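Subject: The structure you asked for, with notes

Hi there,

Here is the structure, with the sequence alongside. Have a look at it first, and then read on for what turned up.

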Amino acid sequence: MAGEAPELSAQERAGKAFPVSWDQFHRDCRALTWRLNEVGPFHAVIAITRGGLVPAAIVARELGVRVIDTVCIASYDHTKQGELQVLKGISEAAMKLGGGTGRGLLIVDDLVDTGKTGKLVREMLPDAHFATVYAKPKGRPLVDTFITEVSQDTWIFFPWDTALSYHPPLRDGAA
Ligand SMILES: O=P(O)(O)OC[C@H]1O[C@H](OP(=O)(O)OP(=O)(O)O)[C@H](O)[C@@H]1O
Ligand SMILES: Nc1nc2[nH]cnc2c(=O)[nH]1
Ligand SMILES: [Mg+2]
């Protein structure tokens with residue numbers, strides 16, 4: 001309709017930016033592992049791709065877990081969330097290790113936002129432990145262990161999605 005405001009993406013609605021460097025991310029993943037070490041041992045790590053692959057590698061390395069599986073889910077097209085699409089489910093071998101319900105399995109993702117992705121994976125593995133590095137309030141109840149909470153109106157920028165670039169000085173109107 002003419003004059004109607006365009007739909008805002010999740011990032012535009014978020015307003016605040018929370019950029020994370022590789023160093024910071026590595027530190028936060030190690031901090032997450034300290035907490036998970038109290039909960040395990042785990043038979044396998046299930047990474048929610050793609051964002052969960054990086055923390056899953058670091059956490060699995062620290063915990064000495066060698067079996068890593070993926071559940072491949074797409075929902076955000078950059079910053080707009082659409083229908084969740086399961087592109088690849090959990091393997092039969094990993095399901096078997098978790099006794100069919102996920103007991104002793106560790107699900108890892110980079111963050112929970114609305115919680116939709118986490119909820120879907122929890123339904124696949126109800127007895128698994130779900131860990132994320134960052135959590136927003138709406139998704140937080142779904143997560144068993146996380147490191148840093150950010151407000152719902154914050155957009156997290158991961159190091160694999162960003163690059164160093166010139167930033168104009170404040171006095172020239174930079175935010
Ligand atoms: O709690 P939610 O609102 O469901 O959002 C969280 C999910 O969104 C991002 O994944 P995305 O779908 O962008 O895919 P990607 O991991 O491949 O980047 C993030 O990695 C989480 O998996
Ligand atoms: N990079 C990124 N992806 C997301 N997907 C859902 N919320 C976020 C967020 O804050 N940052
Ligand atoms: Mg993801």
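One term first: a polar contact is a pair of N or O atoms within 3.5 Å; within protein, one of them must be able to donate a hydrogen and the other to accept it, and residues adjacent in sequence count only if both atoms are side-chain atoms. With that in mind, an N or O atom in the side chain of K136 lies 2.8 Å from an oxygen atom of ligand 2.

Before the rest, a word on the model. It is a predicted one, in which local features need pLDDT of at least 70 and side-chain atom pairs count only at pLDDT 80 or more, while totals for chains, interfaces and linings use all residues. Residues are numbered from 1 along each chain as its sequence is written, chains are lettered from A and ligands numbered from 1 in the order in which they are written, and side-chain values use heavy atoms, with hydrogens and water left out.

**Ligand 2**

Ligand 2 has Y76, L111, D113, K136, W155, I156 and F158 around it (a residue is near a molecule if one of its heavy atoms lies within 4 Å of it). Besides K136, the side chain of D113 places a polar atom 2.6 Å from a nitrogen atom of the ligand. I156 uses its backbone instead, with an N or O atom 2.7 Å from a nitrogen atom of ligand 2. On its own the ligand exposes 280 Å², and the protein buries 88% of that (accessible areas come from the Shrake-Rupley method with a 1.4 Å probe; for residues, only the protein chains shown count as cover). By type, this shell has 5 nonpolar residues, no polar ones and 2 charged ones. Here Ala, Val, Leu, Ile, Met, Phe, Trp, Tyr, Cys and Pro count as nonpolar, Asp, Glu, Lys and Arg as charged, and the others, Gly among them, as polar.

**Ligand 1**

Ligand 1 is surrounded by 15 residues, of which Y76, D109, D110, T114 and T117 are the closest. The shell divides into 3 nonpolar, 7 polar and 5 charged residues. R50 has a side-chain N or O atom 2.7 Å from an oxygen atom of the ligand, and T117 has a polar side-chain atom 2.6 Å from an oxygen atom of ligand 1. At K116, a polar backbone atom is 3.5 Å from a ligand oxygen. Of the 500 Å² of accessible area that ligand 1 has on its own, the protein covers 88%. Two or more residues of the shell come from each of β3 (68–77), β5 (105–112) and α5 (116–124), and β5 gives the most, with 4 residues. Helices (H or I, at least four residues) and strands (E, at least two) are DSSP runs, numbered from the N terminus.

What are the buried residues of α5? They are T117, G118, V121 and R122 (buried means under 20% relative accessible area, exposed over 50%, partly exposed in between, with a 1.4 Å probe and protein chains only). These residues lie on the same side of α5, because they cover an arc of only 130° around its axis (the arc is that of the directions from the helix axis to the C-beta atoms).

**Three buried threonines**

T33 lies in helix α2 (residues 22–37) and is buried, with a relative accessible area of 5%. Its side chain has a polar atom 2.7 Å from the backbone oxygen of C29. Leaving aside neighbours within four places in sequence, T33 is in contact (heavy atoms within 4.5 Å) with V59, E62 and L63.

T145 sits in the loop between β6 (129–135) and β7 (148–149), and at 8% relative accessibility T145 counts as buried too. The side chains of T145 and H129 make a polar contact of 2.7 Å. Beyond its neighbours within four places in sequence, T145 has contacts that include L32, R35 and L36.

T154 belongs to strand β8 (residues 154–157) and is buried at 6% relative accessibility. Its side chain is joined to that of S151 by a polar contact of 2.8 Å.

**The chain as a whole**

The protein chain has 5 helices and 8 strands, in the order α-β-α-β-α-β-β-α-β-α-β-β-β along the sequence. Of its 175 residues, 42% are buried. The chain exposes about 10,400 Å², with carbon and sulfur atoms supplying 54% of it.

Best wishes
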